[in-house]
Number of protein chains: 4
Amino acid sequence: MRDIQTVINSITEKMLPRLGAAKVADYIPELAKVDPKQFGIAVTTVDGQTFVAGDAKVQFSIQSISKVFMLTLALGKTGESVWKRVGREPSGSAFNSIVQLEREMGIPRNPFVNAGAIVVTDMVLAGHQPREAIGEVLRFVRYLADDETISIDNRVAKSEQTTGYRNFALANFMSSFGNLHHPVDHTLGVYFHQCALSMNCVQLARAGLFLANRGRNPVTGHSVVSEKRARRINALMLTCGHYDGSGDFAYHVGLPGKSGVGGGILVVAPGKASVAVWSPGLNEVGNSALGSVALEMLANEMGWSVFGA
Amino acid sequence: MRDIQTVINSITEKMLPRLGAAKVADYIPELAKVDPKQFGIAVTTVDGQTFVAGDAKVQFSIQSISKVFMLTLALGKTGESVWKRVGREPSGSAFNSIVQLEREMGIPRNPFVNAGAIVVTDMVLAGHQPREAIGEVLRFVRYLADDETISIDNRVAKSEQTTGYRNFALANFMSSFGNLHHPVDHTLGVYFHQCALSMNCVQLARAGLFLANRGRNPVTGHSVVSEKRARRINALMLTCGHYDGSGDFAYHVGLPGKSGVGGGILVVAPGKASVAVWSPGLNEVGNSALGSVALEMLANEMGWSVFGA
Amino acid sequence: MRDIQTVINSITEKMLPRLGAAKVADYIPELAKVDPKQFGIAVTTVDGQTFVAGDAKVQFSIQSISKVFMLTLALGKTGESVWKRVGREPSGSAFNSIVQLEREMGIPRNPFVNAGAIVVTDMVLAGHQPREAIGEVLRFVRYLADDETISIDNRVAKSEQTTGYRNFALANFMSSFGNLHHPVDHTLGVYFHQCALSMNCVQLARAGLFLANRGRNPVTGHSVVSEKRARRINALMLTCGHYDGSGDFAYHVGLPGKSGVGGGILVVAPGKASVAVWSPGLNEVGNSALGSVALEMLANEMGWSVFGA
Amino acid sequence: MRDIQTVINSITEKMLPRLGAAKVADYIPELAKVDPKQFGIAVTTVDGQTFVAGDAKVQFSIQSISKVFMLTLALGKTGESVWKRVGREPSGSAFNSIVQLEREMGIPRNPFVNAGAIVVTDMVLAGHQPREAIGEVLRFVRYLADDETISIDNRVAKSEQTTGYRNFALANFMSSFGNLHHPVDHTLGVYFHQCALSMNCVQLARAGLFLANRGRNPVTGHSVVSEKRARRINALMLTCGHYDGSGDFAYHVGLPGKSGVGGGILVVAPGKASVAVWSPGLNEVGNSALGSVALEMLANEMGWSVFGA
């Protein structure tokens, strides 16, 4: 194995001159305020070591990356019956497309597009009050990352709630097909809060480590999911983790990953490490521009692609 | 590593009572004649050993599996400029859908749906006569499998030519956008012939071995593609190899694969082996029903999923 | 001219044995309670006579028929700039389809599908409070029909508000494109109330009479719209008045019309009469089953098709 | 009635300064050669008089206008069973869209989009050789117009045959659903020839006169279709005659009409007259730009809209 610290230092250096070139997401007002000239990376290996470079300890809004944790939580609660209400196929569409929902009678394509994550949130809600469910999500992510300081940025949650017409459209549309079991306001209340989880690269890499290590966090010893379930969540991240850029990410990086419009990407190198990168500027399909480039470099340098020998 | 022969014997035995339950593809008249009560499997490891069970030496029509070889050939001829005329994203649609083509102005989603493979065939044709291109394809597959006896079943090719209205529709549609550079009849002539390649599981597993071994066939020593390109082709197989069943296959099997309506599936376990299964009965998304089940068992037993540790 | 009373008596008699065969709309709970075994018809001629038969004086929920009055109101307020926010083309889709909206960036196809009527309602709202706008709509319809007893059924409005997820989806979706200028709850509040206008056939036929008489109500003498605008509203009713059954209605009846899921249909015979029919059972495209049949008979008997000599 | 000659003279004069501003269709090479600076109009009244202005006696390619004559012919042969293989609803799509065909299993929306007219052509073919069917079509149009000099421009037919990939796509697509009963080449052979009918405004207005006069040509006395069928064909022209510009045409002109990319438009004023205009430059939805404007003026001046009193 190459010296991870050297590799990520070198990558971070190469990113410096390109900082700020790509545009920050602006459809959520709070996110539009973030300084685009930032880049951080953290790698946590399955033997428990953590390597960092750049702005790895700056908090950011993880946004859609939380969809991975929500799915893990829902699978824990409901098991494979999750798949009665959401599919497992790549959508070939943008994160907030509604077209497919009409054709497929309110069943979203997969848990990593917005519609799918809203249904998954509805499963996590499971009859509780939104406040309780938000608490449960927060506790779960703290447990995964073994870090009690992780919190939710209420201004971001509020900001999305006020401007998230598309998500209200998706939720109401699914309700019209009976695929939400709670009032739209409740489900979306939880949804906007879990999107607003505020983490840094180190916390995020640690939270994802169980997926690189057969379902078990090697640091805390917590067994989060079975080995088989860890493989399956990884498979979903690889095929569906980047909306209509999923094929491209698999082609260039070759690792399961999930991106968020806050500029973060969580990536899993099975049997090796969990990686979190963050840089707020986005490319044309809504993924962190520098983050994607950095991960391609890292996967190549380390030989971590799941598609190689 | 578990004893491969024992594993595939056991799998084959479990398949026996289920033979003939699923329906054979009937839209190509010649294929409809095949006896559904057959099952074969061949595994070729990167150290050159081959293990077989069941009807592993019966010839069958590889159909869409050839799309992998055609893409390899086109990438060799044109390099990454292939991606100017065909995308790299999962389609979320059936193999012969035309809807996406209209929305995306004649650019197919990926090289593994019919429209994409027709464009790839047009690239392979590259100004030559159909007869020459068919010869080149045949030579290439024989070279990959190191087997000069591989042939094309002209009755199958003819049968598709007579009934392949959908493919004629797709080809003419792309021509209307200028995305075919040869007469429709020429491109489809080659397309129908490469679909009609007749191979058995042993030949097919060997032909795919370079993808499991960093681009190099370990038996013949031929370097077919670079290590990076092998990884990328594998990535495409994983995200797009089974039409609108691609996500499901990744979830259950966790290996890059490409299926054909003849009932064959080629699967790559990077660094380990190339696997070919065949059983003519198809499931509801058009993949071999028993083949899919057998591969899930094999991947589980051998611990070969790319998403595990 | 044939004797209208004789003709509608004969039609009503023919309808009697078929009463109750078709199913009442059940997606709005309040409407599901209506007794399906009812049929009424009223014809008001441009010389001011009214002919009735059957249940012509029973109140029913006019539902989508109100879209005609809302468009008239919006055109009066904003003139032809209405067409910047809504199209004028038949949709070829169901009344509540959302697919077209995504493709056309939040601009509904025409004012007679739900999405279009919601935008038109937003124009009528024009900065006022929902309560004021509802009052204005009610006053306008009373003025058109010259009948101060017309009212809004608040239970129906409430019933739709509680179950109208699709309309909430449509409204939020258009808001995400900036095509609603008021809070979704305000616009939909007005929308659900105008749908819940309760009228009988006589009132409805009179309210539509201006469209048959060059924009002027011949009874009250009120000039509602210009002659040109009356023609244009009629044209929209003919091409778009029955969702994906518009072509069929034009083919069989040959008159501008607008149907509602409450089982009413308003039809305009330019230069001759305004007709309202009502029977709650719906056909497969959501129009009154007996109402459609009755209107075909009436148009044939009277020679009123706009497409004849 | 206003003096028709005065009205069309005045309209033609107003068109002169605008000649040549709009672009000629260029996707059929032969049509691209036509001089855009031409405008002609002919009006034939139900009492048999003909009024002309401008280039009313210059031959042009009637293109899609022939779809009206083909439908008339098919209805004569097969009656209402025509509607088992083609719909009667506006498509809301471009003339050559294929998307709807996939969703609706090979049944085109209406006989006036290309796919629908291809199916109608297949009905007219009815087991005969293409040459015979072309002869029949030509004889029928000569009979309608009472003019034996009408011919088909074989260079135009050839030009479309060589470049008509979209139509080949549509035809093959429908064949894949079993909705063509003859070889694609035969059906399209007839289709391309009937599109290439060469007529002038006078001939065209006369050929359409039966539709303005209850199905009977008042000049020849030929009874072409029943009164009811004439009304129904007019209804289809109004709702579907101008592709995704049908609603707009109804809104502005208010008369049943059918346009062709050659720049011609045939319009029917029921009980009054048949009108043909021609000017090669097209607007953004593919209809004659000046022709549309001229017809709006004519309908207004004469008070011919079917939606007025």
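This report looks at how the chains of the structure above fit together, pair by pair. Keep in mind that the model is predicted.

**Where chain A meets chain B**

Let us start with chains A and B. On the chain A side, 36 residues make contact, and they meet 36 residues of chain B. How much area do chain A and chain B bury between them? The value is about 3,100 Å², and 57% of that lies on carbon and sulfur atoms. If you wonder about that choice of value, the size of an interface is often given as the accessible area lost when the parts come together.

What holds charged and polar partners across this interface? Four salt bridges are found by the rule between chain A and chain B. One pairing to look for is R232(A) with E296(B), a salt bridge whose closest N and O atoms are 3.8 Å apart. That distance counts because the rule accepts a side-chain nitrogen of Lys or Arg within 4 Å of a carboxyl oxygen of Asp or Glu. Polar contacts can be counted too: 16 residue pairs between chain A and chain B have one, with both residues at pLDDT 80 or more.

Which elements of chain A give two or more residues to this side? They are α12 (227-240), α13 (246-252) and α14 (289-302). Of these, α12(A) gives the most, with eight residues. Sorted by kind, the residues on the side of chain A that touches chain B comprise 13 nonpolar, twelve polar and eleven charged.

**How the copies are related**

Now try turning one chain onto another. The table lists two such superpositions.

| Chains superposed | Rotation | Shift along the axis | RMSD |
|---|---|---|---|
| chain A on chain B | 180 degrees | 0.0 Å | 0.0 Å |
| chain C on chain A | 180 degrees | 0.1 Å | 0.0 Å |

For chain A and chain B, the rotation is 180 degrees with 0.0 Å of shift, so these two copies are related as by a two-fold rotation axis. Both copies use the same surface, as 100% of the contact residues of chain A recur in chain B.

For chain C on chain A, the rotation is again given as 180 degrees. Within chain C, the C-alpha nearest the axis belongs to A169(C), at 1.9 Å from it. Here too the same surface serves both copies, with 100% of the contact residues of chain C recurring in chain A.

**Chains that stay apart**

Which pairs do not touch? Chain B and chain C make no contact, and their nearest C-alpha atoms are 10 Å apart. Chain A and chain D are not joined by any contact either, with their closest C-alpha atoms 10 Å apart.

Definitions and conventions. Residues are numbered from 1 along each chain as its sequence is written. Chains are lettered from A and ligands numbered from 1 in the order in which they are written. This is a predicted model: local features need pLDDT of at least 70, side-chain atom pairs count only at pLDDT 80 or more; totals for chains, interfaces and linings use all residues. Side-chain values use heavy atoms; hydrogens and water are left out. Contact means heavy atoms within 4.5 Å. Buried area is the accessible area (1.4 Å probe) that two parts lose on being put together, summed over both. A polar contact is a pair of N or O atoms within 3.5 Å; within protein, one must be able to donate a hydrogen and the other to accept it, and residues adjacent in sequence count only if both atoms are side-chain atoms. Helices (H or I, at least four residues) and strands (E, at least two) are DSSP runs, numbered from the N terminus. Ala, Val, Leu, Ile, Met, Phe, Trp, Tyr, Cys and Pro count as nonpolar, Asp, Glu, Lys and Arg as charged, and the others, Gly among them, as polar. Copies are superposed by least squares on the C-alpha atoms of residues with pLDDT of at least 70 in both.
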